[in-house]
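Me: I'd like to talk through this model with you. Could you take it step by step?

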Amino acid sequence: MYPLFYLSESLESTNEAILNYHTPSRPNIAIYTFNQINGKGQYGNTWKMPKDQNIAYSLLIDASLIPIGGNFVNFYTAVIIRDFLDNLSDEEVFIKWPNDIIINRKKVVGILIEQIKIDGKSFYIIGIGINVLQRDFSELTKAGSILTQTHQRFNLTSLSENFHFYFTKHITHQPSYNILERYNHHLFCRNSVALFSKSNIRQNGIIQYADEKGFLHILLEKDGLQKFFHKEIEMLY
């Protein structure tokens, strides 16, 4: 139902390239590559990956096939990916608000979800970058890979195919658990003291929870309990 295509040539971004593979007879598709040179991140950020070390994956899917909407698509996507990685090793896997995946305090997965219209119908493009075999993060000190953080080596093709099966199976079904509760349960640094930067001023704080609108509630040492949207505050870790 959700065909998966491997693209061997280098490409700018799977989130952009996937639109070239959409047809009326094949509306829901996924692509992946090990050679993305200018991936799209949130709020205009870019993500570059060395060849044949990481996975860039995008799923184009009719929004009506996902049984939830709004911010819960972001929450649920992060939870599904966290659970998939958690099954791969004994290391604890966390979600860093809003939707990065963390293993041993390093970002291993980035997510970009876009909503578009095709012939009047609403679709999601869910873009996921997974650091798998990369070792050198000298220019990205907060990043790591499955290899560096779990000491496990995976075949990129097999991992991509297994992930696609797992992700499409779950994203199209209503979970038995409360999504937001599950998201908050695995939230990175929740209920522990962390250092934050707000308006270039540093202070300690304790993450309380993320709410249904996507705001993060933090109890700050100087300013008390406040809520923030993405980019309004930075966690320093």
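What follows goes from the chain as a whole to one sheet and then to the salt bridges.

Reply: Please keep in mind throughout that this is a predicted model.

Me: Ok, basics then: how many helices and strands does the chain have?

Reply: The chain has five helices and 14 strands. Its radius of gyration is 18 Å, close to the 18 Å that the globule rule gives for 237 residues, so the chain is as compact as a globular protein of that length.

Me: And what does the C-alpha trace span along its principal axes?

Reply: The C-alpha trace spans about 55 × 40 × 30 Å along those axes. Of the 237 residues, 50% count as buried, and the accessible surface of the chain comes to about 11600 Å², with 48% of that belonging to carbon and sulfur atoms.

Me: What about contacts, what share joins residues at least 24 apart?

Reply: If you take the contacts between residues at least 6 apart in sequence, 60% of them join residues at least 24 apart.

Me: Switching to the open sheet, in what order do its five strands come?

Reply: The order is S13-S12-S11-S10-S14, and the pairing is antiparallel. Strand S13 (224–228) and strand S14 (234–236) stand at the edges with a single partner strand each, so one side of each is left without a neighbour in the sheet. On average, and with direction ignored, neighbouring strands of this sheet are turned by 45 degrees against each other.

Me: How many bridges between S12 and S13?

Reply: Strand S12, which covers residues 216–220, pairs with S13 over five bridges in the antiparallel sense. One residue pair to look at is Leu220, whose bridge partner in S13 is Gly224.

Me: Which salt bridge does Lys198 form?

Reply: Lys198 forms a salt bridge with Asp223, and the closest N and O atoms are 3.2 Å apart. Lys198 lies in strand S10 (residues 193–198) and Asp223 in the loop between S12 and S13, so the pair ties together parts that are 25 residues apart in sequence.

Me: Buried or exposed, those two?

Reply: Lys198 is partly exposed, at a relative accessible area of 21%, and Asp223 also counts as partly exposed, at 36% relative accessibility.

Me: How many salt bridges does the structure hold?

Reply: The structure holds seven salt bridges. Among them is the one between Arg82 and Asp86, where the closest N and O atoms are 3.6 Å apart.

Me: Where do Arg82 and Asp86 sit, and how are they separated?

Reply: Both are in helix H2 (residues 71–86), and because they are four residues apart there, about one helical turn separates them. Arg82 is buried, with a relative accessible area of 5%, whereas Asp86 is partly exposed, with a relative accessible area of 28%.

Me: And which side chain does Asp83 meet?

Reply: Asp83 meets the side chain of Arg182 in a salt bridge, at 3.0 Å from N to O. Arg182 lies in helix H5 (residues 179–185) and Asp83 in helix H2, so this pair ties together parts that are 99 residues apart in sequence. By relative accessibility, Asp83 counts as buried at 9%, while Arg182 counts as partly exposed at 26%.

Me: Last one: which residues are joined into one network?

Reply: Arg82, Asp83, Asp86 and Arg182 are joined into one network by salt bridges that share partners.

Technical notes. Residues are numbered from 1 along each chain as its sequence is written. This is a predicted model: local features need pLDDT of at least 70, side-chain atom pairs count only at pLDDT 80 or more; totals for chains, interfaces and linings use all residues. Side-chain values use heavy atoms; hydrogens and water are left out. Two strands pair if DSSP finds at least two bridges between them. Helices (H or I, at least four residues) and strands (E, at least two) are DSSP runs, numbered from the N terminus. Axes are lines fitted to C-alpha atoms, for helices over the stretch in contact, and angles run from 0 to 180 degrees between N-to-C directions. A salt bridge is a side-chain nitrogen of Lys or Arg within 4 Å of a carboxyl oxygen of Asp or Glu. Buried means under 20% relative accessible area, exposed over 50%, partly exposed in between (1.4 Å probe, protein chains only). The radius of gyration is taken over C-alpha atoms; the globule rule is 2.2 Å times the number of residues to the power 0.38. Contact means heavy atoms within 4.5 Å. Accessible areas come from the Shrake-Rupley method with a 1.4 Å probe; for residues, only the protein chains shown count as cover.
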